[in-house]
Amino acid sequence: MGYAIHMTGPTPSEKKHRKSNTIWALCNGVSKVEAALVEHRFCQFRKIGVFPTDMEGGHSSELAEKPMTTISRHCFGDDSEESPFSISIIENMKEDYGLFVWPCSIVLAEYVWQQRLRFSGASVIELGAGTSLPGLVAAKVGANVTLTDASDRTEVLDNMKKVCGLNKLKCNVLGLTWGVWDASIFSLHPKVILGADVLYDTTAFDDLFATVTFLLQNSPGSVFITTYHNRSGHHLISFLMAKWGLKCLKLLDGFSFMPSDKASGLSGNIQLTEIVLNNVQP
């Protein structure tokens with residue numbers, strides 16, 4: 001399985017892929033949802049010069065057998081800022097949605113970078129981390145990071161370890177299923193809890209907020225920072241916070257702090273909120 005990162009502009013062949021990748025996906029046993037994902041992600045690859053190696057060349061029968069694996073590169077800071085860096089993420093668009101960098105993750109990672117002094121030296125946990133971009137940025141700026149995802153998602157957890165190695169970062173990788181109270185969760189005392197696009201499955205909301213509430217109680221003064229697609233207004237978040245004894249400290253439009261070059265590659269109504277226990281004084 002190969003990876004490629006092309007830092008130059010797209011070739012004529014790559015431009016041709018832009019028009020045909022959805023047809024390719026549908027003709028090779030990929031669902032319409034996955035085909036749309038291919039189309040959306042290709043647009044983002046083109047913006048940063050990263051292209052899926054398994055879509056380049058070869059017969060369709062060979063391509064259908066290969067997972068669509070890529071390495072995307074995400075840059076933070078520029079020459080005018082102190083210590084700019086990049087994070088490389090291994091993505092697989094066919095295997096699991098947890099192996100794809102979603103827009104909410106990009107927004108939260110940028111927020112971590114811009115708040116880097118706050119994260120330096122802090123204990124940080126990322127819930128439902130998937131490809132772990134926000135947590136990896138936190139580790140890069142000096143946080144002590146634990147990356148978590150559901151215990152039964154072994155492929156996602158294995159990918160986390162590979163990505164940590166790829167970026168030469170030391171993070172603890174832990175299987176943590178929301179609403180399950182095994183021994184590992186009791187030893188966690190985070191200063192900051194991160195969650196990117198964790199509010200997508202309504203059946204998991206209570207398990208998520210039960211886990212968040214426990215972690216906040218287990219580490220006085222801690223905060224939950226999450227980004228989410230605002231599909232039905234802030235009312236749902238407000239309801240969940242009230243139910244679990246939490247309150248909002250900060251609510252931001254996700255695009256209000258994004259650099260224009262990054263914002264142009266994203267879509268949707270993304271919001272960022274900081275949540276604490278209701279008895280915590282601002």
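**A colleague's note on this predicted model**

1. Let's begin with one residue in a loop. K168 is found between α7 (154–166) and β5 (172–175), in the loop that links them. Please keep in mind throughout that this is a predicted model. The backbone at K168 has a positive phi of about 55 degrees, although K168 is not a glycine. Is K168 buried or exposed? Its relative accessibility is 75%, so K168 counts as exposed, the cut-off for that being over 50%.

2. D197 makes a good partner for that reading. D197 lies in the loop between β6 (192–196) and α9, and it too is not a glycine but has a positive phi of about 55 degrees. Its surroundings are another matter: D197 has 12% relative accessibility and therefore counts as buried, since buried means under 20%.

3. Now step back to the whole chain. Its secondary structure comes to 11 helices and 9 strands. The chain has 282 residues, and 52% of them count as buried. On the outside, about 12900 Å² is exposed, with carbon and sulfur atoms supplying 54% of that area. How much of the contact set joins residues 24 or more positions apart? Among contacts in the chain with a separation of 6 or more, such pairs account for 69%.

4. The interior is worth a slow look. In soluble globular proteins, nonpolar side chains tend to be buried together. Here the largest nonpolar core has 49 residues, and I87, F119, V124, L133, L136, V137 and I225 are those with the most contacts inside it. Which helix gives the most to this core? That is α4 (residues 103–114), with 8 residues. There is also a second, separate core of 26 residues, and L176, L199, A204 and F205 are included in it.

5. V137 is a handy place to start exploring the largest core, being one of the residues with the most contacts inside it. Leaving aside residues up to four places away in sequence, V137 touches F76, F85, I87, A109, V112 and W113.

6. Next, a pair of helices. Two packed helices are described by the angle between their axes and the distance between the axes. For α9 (residues 205–218) and α10 (residues 235–243), the axes come within 10 Å and cross at roughly 50 degrees. That angle makes α9 oblique to α10, and the crossing is right-handed. Which residues meet where these helices pack? From α9 come F205, D206 and F209; from α10 come L236, L240, M241 and K243. F205 may look familiar, as it is also included in the second core.

7. Just ahead of α10 is a loop to check. N230 has its place there, between β7 (223–229) and α10. With a relative accessible area of 16%, N230 is buried. What does N230 touch, not counting residues up to four places away in sequence? Its contacts are N269 and Q271.

8. Finally, look at L266, whose place is in the loop between α11 (260–263) and β9 (270–277). L266 has a relative accessible area of 11% and so is buried. Its C-alpha atom is separated by 9.1 Å from that of F255, and the two residues are 11 apart along the chain. Together with N230 and D197, L266 gives you a set of buried loop residues to set beside the exposed K168.

Note on methods: Residues are numbered from 1 along each chain as its sequence is written. This is a predicted model: local features need pLDDT of at least 70, side-chain atom pairs count only at pLDDT 80 or more; totals for chains, interfaces and linings use all residues. Side-chain values use heavy atoms; hydrogens and water are left out. A nonpolar core is a set of buried Ala, Val, Leu, Ile, Met, Phe, Trp, Tyr and Cys residues joined through side-chain atoms within 4.5 Å. Buried means under 20% relative accessible area, exposed over 50%, partly exposed in between (1.4 Å probe, protein chains only). Helices (H or I, at least four residues) and strands (E, at least two) are DSSP runs, numbered from the N terminus. Contact means heavy atoms within 4.5 Å. Accessible areas come from the Shrake-Rupley method with a 1.4 Å probe; for residues, only the protein chains shown count as cover. Axes are lines fitted to C-alpha atoms, for helices over the stretch in contact, and angles run from 0 to 180 degrees between N-to-C directions. Angles under 35 degrees count as roughly parallel, over 145 as roughly antiparallel, 65 to 115 as roughly perpendicular and the rest as oblique. A crossing is left-handed if the near helix is turned anticlockwise from the far one by less than a right angle, and right-handed if clockwise.
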